[in-house]
Amino acid sequence: MTHRIRHSGGCRHLRVIFMALMLVAAWSPPAAAADRLLVFAAASLQGTVDTIARRFEKAGGSRVTISFAASSTLARQIERGAPADVYVSASPKWTDRLEAGRWLRPGTLGALLGNRLVLVAPAGQAATVPIHHGFPLSRLLGNGRLVMGDPSHVPAGQYARAALDTLGVWRTVAGRVAGTPTVRQALALVARGEAPYGIVYATDAKADPNVAVVGVFPEEYHPPIRYTVAVPAASTHPQAERFLNFLWSRAARSVFEGHGFAVRGTGH
């Protein structure tokens, strides 16, 4: 009798475990989480791609999550298998690298936007600086630093170095450059008055009332600033290309242009 009672209790216990295992096996993440589309975007697009993503969602698109960072950082993450569905780079260098390594879906790469490079200072603290060959940037810095995206890998910093090289100024300020992980961090240092001058995109300067544009770099002094966009080859999201196409839509164009970007194309 005792044996049968134990056996019966054991069976009931096994049935409970079995049912629990079946429930675990049948469980899956919420549809909203599984359906979320992940966009990798250059840091200089903060405040812009966010707005476009919300418009995409309102138009019936999937929920969008955006990861902002330096274009180089995002490209390397894609090479390491990061699950991005759309990648927007502030330089063709990084999408070209990914395309060469077959990290991008064929037929999705396109040039989306253009931008300008500007010299900024804390609002109300500096006069206009005429930018020409040999302009006295080193003297203007005084004891301060020139901030920009790290020229070793951040596109804005690479454009800035190219411009200063062409203008014959780089060698006079190279030792006083403070490179930052993103161009937005350079902007923040100037906005807080921690640096007397910085070189950022015109769209960054427009986004922060605490800085003033004191000079605009002529476009011929640096490679053309082009933002490129593509779908990573590893993406399996069914709406990745839908979002990519939405970036060229009239709704997105109005947002880009409102933030000071020049929309370069009409689609990939």
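**Exercise 1. Overall make-up**

What share of the contacts in the protein with a separation of 6 or more is accounted for by residues 24 or more positions apart? State also how many helices and strands there are.

Solution. The structure is a predicted model. Residues 24 or more positions apart account for 79% of the contacts with a separation of 6 or more. The protein has 12 helices and 11 strands. Of its 268 residues, 46% count as buried.

**Exercise 2. The six-stranded sheet**

Give the strand order of the open sheet of six strands, and find its edges.

Solution. Step 1: the order is S2-S1-S3-S10-S4-S11, and the pairing is mixed. Step 2: the edge strands are S2 and S11 (262-263), each of which pairs on one side only.

Step 3 takes up the individual pairs. S1 (residues 37-42) and S2 (residues 64-69) are parallel and share six bridges. Within this pair, Leu38 stands opposite Thr65, and Ala42 stands opposite Ala69. S1 also runs parallel to S3 (residues 86-89), to which three bridges join it; here Val39 stands opposite Val86. S4 and S10 (residues 226-230) pair in the antiparallel sense over four bridges, with Arg226 in S10 as the bridge partner of Gly114.

Step 4 adds helices. S1, helix H3 (residues 49-58) and S2 make a right-handed β-α-β unit. Helix H5 lies across S3 and S10 and runs at about 140° to S3.

**Exercise 3. The surroundings of S1**

How many residues of S1 are buried, and which residues point each way from the strand?

Solution. Step 1: in a regular strand, side chains alternate between the two faces of the sheet. Step 2: Leu37, Val39 and Ala41 point one way from S1, while Leu38, Phe40 and Ala42 point the other way. Step 3: six of the six residues of S1 are buried, so the strand is largely enclosed by the rest of the structure.

**Exercise 4. The five-stranded sheet**

Which strands stand at the edges of the sheet of five strands, and why is one side of each left without a neighbour in the sheet?

Solution. Step 1: this open sheet has the order S7-S6-S8-S5-S9 with mixed pairing. Step 2: S7 (177-180) and S9 (211-216) stand at the edges; each has a single partner strand, so one side of each has no neighbour in the sheet. Step 3: neighbouring strands here are turned by 35° against each other on average, direction ignored.

Step 4: S5 (residues 117-122) and S9 pair in the antiparallel sense over five bridges. In this pair Val118 stands opposite Val216. Step 5: helix H9 (residues 183-191) packs on the sheet and touches S5, S6 (146-149), S7, S8 (197-201) and S9. The direction of H9 makes about 140° with that of S8.

**Exercise 5. Two helices**

Describe how H4 (residues 71-79) and H5 (residues 92-100) pack.

Solution. Step 1: the angle between H4 and H5 is about 10°, and their axes are 9 Å apart. Step 2: this makes H4 roughly parallel to H5, because angles under 35 degrees count as roughly parallel. Step 3: Ser71, Ser72, Ala75, Arg76, Ile78 and Glu79 in H4 meet Trp94, Arg97 and Leu98 in H5.

**Exercise 6. The nonpolar cores**

Which residues of the largest nonpolar core touch the most other members?

Solution. Step 1: this core has 68 residues, and those touching the most other members are Leu45, Leu119, Leu146, Leu164, Phe217 and Phe256. Step 2: with neighbours within four places in sequence left aside, Phe256 is in contact with Leu45, Thr48, Ile52, Leu112, Leu113, Leu247, Phe261 and Val263. Step 3: a second, separate core has 13 residues, among them Leu38, Ala75, Ala82 and Ala84.

**Exercise 7. Two single residues**

Is Asp204 buried or exposed? Is Arg102 buried or exposed?

Solution. Step 1: Asp204 lies in helix H10 (residues 202-207). Asp204 has 0% relative accessibility and therefore counts as buried. Residues up to four places away in sequence not counted, Asp204 touches Ser44, Val183, Arg184 and Leu187.

Step 2: Arg102 is found in the loop between H5 and S4 (110-114). Its relative accessible area is 75%, so Arg102 is exposed. Step 3: most residues other than glycine have a negative phi. Arg102 is not a glycine, yet has a positive phi of about 60°.

How values were computed. Residues are numbered from 1 along each chain as its sequence is written. This is a predicted model: local features need pLDDT of at least 70, side-chain atom pairs count only at pLDDT 80 or more; totals for chains, interfaces and linings use all residues. Side-chain values use heavy atoms; hydrogens and water are left out. Two strands pair if DSSP finds at least two bridges between them. A crossover is right-handed if, with the strands pointing away from the viewer, the path from the first strand over the helix to the second runs clockwise. A nonpolar core is a set of buried Ala, Val, Leu, Ile, Met, Phe, Trp, Tyr and Cys residues joined through side-chain atoms within 4.5 Å. Buried means under 20% relative accessible area, exposed over 50%, partly exposed in between (1.4 Å probe, protein chains only). Contact means heavy atoms within 4.5 Å. Axes are lines fitted to C-alpha atoms, for helices over the stretch in contact, and angles run from 0 to 180 degrees between N-to-C directions. Angles under 35 degrees count as roughly parallel, over 145 as roughly antiparallel, 65 to 115 as roughly perpendicular and the rest as oblique.
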